[in-house]
Amino acid sequence: MTASSMTVQVKFFASLRETLGTSQISLTVPFESTVDMLLEKIQETYGRDNPLIDIRNVRVAVNQQIVEFDEAIRQDDEIAIFPPITGG
């Protein structure tokens, strides 16, 4: 981690956890990152072709609060990513 970056904890739930093969990762991102920027980094890391990682369809919580994609993230934030809800 450099002086211009920070580390955040990212938790994956349900089908995302299964698809990615992990329930939690630590990611280093630039300071002043947004949720959208973090999601882009996750896509770059885990693959853009996987429909379950389609960032347009996920819900994101920062420190247990559902947020919009333009929400700023801070050092040591806990980010939870939920896949699209389906059902009938």
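In this predicted model, five strands form an open sheet with mixed pairing, and their order across the sheet is S2-S1-S5-S3-S4. The two edges are taken by S2 and by strand S4 (65-67); each of these has a single partner strand, so one side of each is left without a neighbour in the sheet. Direction ignored, neighbouring strands of the sheet are turned against each other by 35 degrees on average. A good place to start tracing the sheet is the pairing of S1 with S2, which runs in the antiparallel sense over seven bridges. Within this part of the sheet, Thr7 stands opposite Thr28 in S2. Helix H2 packs on the sheet and touches S1, S2, S3, S4 and S5. The direction of H2 makes about 120 degrees with that of S2.

The nonpolar residues come next. The largest nonpolar core has 20 residues, and those with the most contacts inside it are Val10, Phe12, Leu38, Val60, Ile73, Ile79 and Ile81. At least two residues of this core come from each of S1, helix H1 (14-20), strand S2 (24-30), helix H2 (35-46), strand S3 (59-62) and S5. Leu38 offers a helpful close-up: leaving aside residues up to four places away in sequence, Leu38 touches Val8, Val10, Leu27, Val29, Ile73 and Ile79.

The loop between S2 and H2 is worth a visit too, and Ser33 lies in it. Ser33 has a relative accessible area of 1% and therefore counts as buried, the cut-off for that class being under 20%. A polar atom of the Ser33 side chain lies 2.5 Å from the backbone oxygen of Pro30. Beyond residues up to four places away in sequence, Ser33 touches Met6, Glu71, Ala72 and Ile73. Ile73 is thus a contact of Ser33, and Ile73 is also touched by Leu38.

Charged side chains complete the picture. The structure holds one salt bridge, in which the side chains of Lys11 and Glu78 meet at 3.1 Å, N to O. This pair links distant parts of the chain, with Lys11 in strand S1 (residues 5-12) and Glu78 in strand S5 (residues 78-82), 67 residues apart. Are these two partners buried or exposed? Lys11 is partly exposed, with a relative accessible area of 26%, and Glu78 is likewise partly exposed, with a relative accessible area of 26%. Both values fall in the partly exposed class because that class lies between the limits of 20% and 50%.

Key
Residues are numbered from 1 along each chain as its sequence is written. This is a predicted model: local features need pLDDT of at least 70, side-chain atom pairs count only at pLDDT 80 or more; totals for chains, interfaces and linings use all residues. Side-chain values use heavy atoms; hydrogens and water are left out. A salt bridge is a side-chain nitrogen of Lys or Arg within 4 Å of a carboxyl oxygen of Asp or Glu. Helices (H or I, at least four residues) and strands (E, at least two) are DSSP runs, numbered from the N terminus. Buried means under 20% relative accessible area, exposed over 50%, partly exposed in between (1.4 Å probe, protein chains only). A nonpolar core is a set of buried Ala, Val, Leu, Ile, Met, Phe, Trp, Tyr and Cys residues joined through side-chain atoms within 4.5 Å. Contact means heavy atoms within 4.5 Å. Two strands pair if DSSP finds at least two bridges between them. Axes are lines fitted to C-alpha atoms, for helices over the stretch in contact, and angles run from 0 to 180 degrees between N-to-C directions. A polar contact is a pair of N or O atoms within 3.5 Å; within protein, one must be able to donate a hydrogen and the other to accept it, and residues adjacent in sequence count only if both atoms are side-chain atoms.
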